[in-house]
Amino acid sequence: MADRTSSSITIDAALADVMAVIADFPRYPEWAGSIKSAEVLATGDDGRASRVRFVLDAGMISDTYTLGYTWDGDEGVGWEVVEPGKMVSQLRGSYRLAASGSGTGVTYELAVDLSVPMIGMIKRKAEKVIVDTALKGLKKRVEGR
């Protein structure tokens, strides 16, 4: 899983406000496109989710899998598969946040491996669509609060 897709966006809100939306997993279906449900299975000492089960329906890819999360305050969060699904064998990603003028710069990185064969160019395009859709959804959700 060497190839990663990355994209950035600026959101007109404080770091803590952006991270609050990122950390609110049960509400992902309201703004994160292909996520149909997100259930927090465990939380860490900081009260944030450490394990979350997702149900994904992204057209050709429909699956249920569990991600483990590592938090870096309001400046970042990383995740990786701890229980793969039938199609999603590996998924590793992160949100990195940084103050940017009057807002917050958000960088989203994602790498996905599927248990079904897929041409690398198609896989990277799918990752790019997921990343761009997530960033636009996050921006709309945060700025609309």
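In this predicted model, strand 2 (residues 35–43) and strand 3 (residues 49–58) run antiparallel and are joined by 7 bridges. One of the pairings sets Ala 42 opposite its bridge partner in strand 3, Arg 51. The hairpin formed by these two strands has 5 residues between them, and Gly 47 adopts a positive phi near 85 degrees there.

Stepping back to the whole sheet, the hairpin belongs to an open arrangement of 7 strands in the order 1-7-6-5-4-3-2, with antiparallel pairing. Strand 1 (5–11) and strand 2 form the edges, each pairing on one side only. On average, neighbouring strands of this sheet are turned by 20 degrees against each other, direction ignored. Helix 1 packs on the sheet, where it touches strand 1, strand 4, strand 5, strand 6 and strand 7, and its direction makes about 160 degrees with that of strand 6. Strand 6 in turn pairs with strand 5 in the antiparallel sense over 5 bridges, and Val 77 has Tyr 95 of strand 6 as its bridge partner.

Tyr 95 also leads into the interior. The largest nonpolar core holds 40 residues, of which Phe 54, Tyr 95 and Leu 138 touch the most other members. Two or more residues each come from helix 1 (15–23), strand 2, strand 3, strand 4 (61–72), strand 5 (76–83), strand 6 (88–100), strand 7 (103–114) and helix 2 (120–143). Leaving aside residues up to four places away in sequence, the contacts of Tyr 95 include Ile 22, Trp 31, Val 77, Trp 79, Val 106 and Tyr 108, as well as Ala 134, Leu 135 and Leu 138.

Conventions: Residues are numbered from 1 along each chain as its sequence is written. This is a predicted model: local features need pLDDT of at least 70, side-chain atom pairs count only at pLDDT 80 or more; totals for chains, interfaces and linings use all residues. Side-chain values use heavy atoms; hydrogens and water are left out. Two strands pair if DSSP finds at least two bridges between them. Helices (H or I, at least four residues) and strands (E, at least two) are DSSP runs, numbered from the N terminus. A nonpolar core is a set of buried Ala, Val, Leu, Ile, Met, Phe, Trp, Tyr and Cys residues joined through side-chain atoms within 4.5 Å. Buried means under 20% relative accessible area, exposed over 50%, partly exposed in between (1.4 Å probe, protein chains only). Contact means heavy atoms within 4.5 Å. Axes are lines fitted to C-alpha atoms, for helices over the stretch in contact, and angles run from 0 to 180 degrees between N-to-C directions.
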